Each structure stands twice: as structure tokens, then as C-alpha cells.
Amino acid sequence: MEKIPETITGANIRKRPAFLRIVRKSVLFAIPFWALIALYVYDDPFMVLRKYNLYDSDVMLNEHHVGWQIYRNHCDSVHFNSFILGNSCTMAFRCDEWEKYLAPDDRAIRLFGNGESMKAISLKLHALDNEGAEIKNVLIILDRTSLSRFSILNGYGNILPAAISGESPFAVQMEFMQAFAMPDFLFPYLKYRITGSVEPEMKRMNPYGRIRDSRNNDSFNPRDKMIEQEGEAYWENRKKEFPERDGTVVVEEPAIFHNQRIVLDDIMEVLHRHNTSVRVIISPDYNQKELHPDDREILQSIFGKENVYDFSGINEFTEDYHNYYESGHYRPLLGNKLLEQIYKHQ
């Protein structure tokens, strides 16, 4: 048998401990990474890995996923055919209130997004179309900001479900996993995980408890209870949230250009195919800024003049501060008034 040179075996022996040290360091380095993945899968903090009957959470959830999953949970039994779409001001429009103006068998659900983009509204309508849903009635709640957005926004709150975006489910889950690992979410979440409590200053967390109806995604705004308890003091104690208005007419800059027009036409194409009854509401902005007339005319040319209701600017609805939770959102009592206004001649 040929003898192996001593120098070679010695070198191999010397290399082995160095290699093992690298392996050990790699394993130790990867432990936090795998622990993070395990925590994400176990907790499912965004409630997107599994199906749930109730979407009440101490985490501020992605409203696109919540709304879509509530729809999927109940569409076979409820047979939704009426959809409230748009930004967070949809909270002022309760499904059962809207249903009063629809046919007796019509059932509504709210499919909104915070800071909603027109592109997201278009994709949701296409997803409903692909599901074979009956799109009989649509109520779209917009403002200038939403009208200006012709592409999907960034951030975990704007990640669309795969069934809506057309992306692979794995890619969507990777986006959520990356959002979970970001310090602005992870650190408050870990503090919550350790203490078991949510503090008001914790970003991305929900200190209010139940904030939605898990049947039709209606909003339960915690400020309603504050108003009930405090009365007029609610507005007196929050004057910073209700800046003074001097009655000056301010017209917004135009929001609808070529790209926005393409998305709006795409929305109308789906609605036209379903012979949908559509109402478009431009929200009554507390700051009383008026939608640019060019934008109003474009919306009327697409959806029909009789179907576009512009409540922006200075009017009876924006004058009364009691109609608002704060300067960015108005209350269901105003939403009910707007519904009565748009359906009064029906």
C-alpha cells in the first residue's frame, strides 16, 4: 500500500478545525433568521397565511387582504353583488344603509384600501369579474389623492392578495415576510409579544380592539364611542385636529392625466360589461378644497354626469365640523346624508 505523505495529511487535519469553525459560525449566524421565520409562521401577525373567521387583531392589518378574505369567507352564503370601493373614507358608508336604496335581495360588502389607488380599484373589479361575481352595484368613494394614483402603492398595507394582483402567492408572502422583518414593524411587535399589551404610541399596532364587521367589513370606528362619551367636548378637546377654516375657496390642482384616464377607462370597461349601477362620490373634504372642474368633467364623461357626485369644497356638508372624526375622515351620519342626497330622485 502506498504511504500517504505526512505533509498532506497534516494539512488536512489543520484545515478541518477551520472548516468546522466556519460551519458553526454560519449556523449561529442563521439562528435569528430561522427564529424570525418560525415566529412569523407561528403567529401569522398579518393574518395572511391561514383562513380566519374573525379578523380582529392587535396588529393593524392589510385591509386589501382582510376585505378580500371576508368576501371569500361569505360569498357562497351571502351572494354579494354590491361593492363599496375606494379609500378609508368608505368608513362613512355602512353596507346596511346603502342596501336600503338597492333591491331587496342585494347584499353589499366594503372592499377598500387605506390611501387607495385607482389601480387597486381596477384590479379588485377584475378579480371579482374573474371570480364570476355579479357586479350589480358599485359605490366608489374618492378624493383628489386617490384620483392621482394610477399605480399600486408601496408598503405592507398596500400589498394586494395574489388573486387580485396576479402575482404568485409565494411572491406575495415574501413581501409580507420582508415587511415583518423591517424594524418599524418588528420592534413594536416584539415588544407587544413580550408584554402582551398594545400602547398607543406603538406603530403598526391596533390599540382599539374590534374595528370591523367580519361579515361585510363595515368599519367600527373607536371614535364613535369617544363622541358618545364626551359629547361636544370631543371637538373642543381636539382643536388641533380641526384647523380653522377662513371660508376661502381653494380649488385643487388637476389630478387626472393620461395615465389616470387609462385606469379610469379600464374600471368603466368592467362596469359596462356587467351593466353595473355605479355611483362615484368625491368626498366632502373638511379642509373644503374643491376638486378641479377638469377632473369633475372627466369623471362625468366616463361614468355619466348623473352618476358623479362632487361634495368637495364649501357646502352644507363640509361646514359642520360635527360631521367629522378629524380633518381626514367623516362620520356615518354624514355618509347617510350623502346617500340620501344621491338617491333622492331614484
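Me: What makes β1 and strand β2 (residues 108-112) a pair, and in which sense do they run?
Reply: The bridges do: β1 and β2 share five, in the parallel sense. Two strands pair if DSSP finds at least two bridges between them, so β1 and β2 qualify. One matched position is Phe 83, opposite Ile 109 in β2. This is a predicted model: local features need pLDDT of at least 70, side-chain atom pairs count only at pLDDT 80 or more, and totals for chains, interfaces and linings use all residues. Residues are numbered from 1 along each chain as its sequence is written, and side-chain values use heavy atoms, with hydrogens and water left out.

Me: How do you know that β1 also pairs with strand β3 (residues 137-142)?
Reply: Apply the same test. Five bridges join β1 to β3, and the two run parallel. Phe 83 appears here too, with Val 138 as its bridge partner in β3. The strand labels are DSSP runs (E, at least two residues; helices are H or I, at least four), numbered from the N terminus.

Me: Why is β1 called mostly covered?
Reply: Five of its five residues, 82-86, are buried. Buried means under 20% relative accessible area, exposed over 50%, and partly exposed in between (1.4 Å probe, protein chains only). Ser 82, Ile 84 and Gly 86 point one way, Phe 83 and Leu 85 the other, and all are buried.

Me: What makes the 65 residues a nonpolar core, and which members touch the most others?
Reply: A nonpolar core is a set of buried Ala, Val, Leu, Ile, Met, Phe, Trp, Tyr and Cys residues joined through side-chain atoms within 4.5 Å. The largest such set here has 65 residues, and Phe 46, Tyr 71, Phe 180 and Phe 303 touch the most other members. Helix α4 (residues 118-131) gives the largest share, seven residues. Another core of 28 residues lies apart, among them Ile 84, Cys 95, Leu 139 and Tyr 324.

Me: Which residues does Tyr 71 touch?
Reply: Leaving out residues up to four places away in sequence, Tyr 71 touches Phe 80, Phe 83, Ile 109, Leu 111, Leu 128, Glu 131 and Ala 133. Contact means heavy atoms within 4.5 Å.

Me: What do the buried residues of α12 pack against?
Reply: They pack against α5 (144-148), α11 (258-273), β5 (277-282) and β7. The buried residues in α12 (293-303) are Asp 295, Ile 298, Leu 299, Gln 300, Ile 302 and Phe 303.

Me: Why is Gln 288 called buried or exposed?
Reply: Its relative accessibility is 4%, so Gln 288 counts as buried. Gln 288 lies in the loop between β5 and β6 (289-290). Its phi is positive, about 65°, although it is not a glycine. Asn 275 also has a positive phi without being a glycine, about 55°. Asn 275 is exposed, at 70%, and sits in the loop between α11 and β5.

Me: How do you know that Arg 193 and Asp 43 form a salt bridge?
Reply: Their side chains meet at 2.5 Å, N to O. A salt bridge is a side-chain nitrogen of Lys or Arg within 4 Å of a carboxyl oxygen of Asp or Glu, so this pair passes. Arg 193 is in helix α8 (183-195) and Asp 43 in helix α1 (6-43), so the pair ties together parts 150 residues apart in sequence. Asp 43 is buried at 18%, while Arg 193 is partly exposed at 39%.

Me: What is the distance between Glu 269 and Arg 273 in their salt bridge?
Reply: The closest N and O atoms are 2.3 Å apart. Both residues lie in helix α11, four residues apart, about one turn. Glu 269 is partly exposed at 36%, and Arg 273 is partly exposed at 41%. With Asp 129, they are linked in a network of salt bridges.

Me: Which parts does the Asp 310 and Arg 296 pair tie together?
Reply: The side chains meet in a salt bridge at 2.8 Å, N to O. Asp 310 lies in strand β7 and Arg 296 in helix α12, so the pair ties together parts 14 residues apart in sequence. The structure holds 18 salt bridges.

Me: Why does Ile 314 count as partly exposed?
Reply: Its relative accessible area is 36%. Ile 314 lies in the loop between β7 (308-310) and α13 (316-319).
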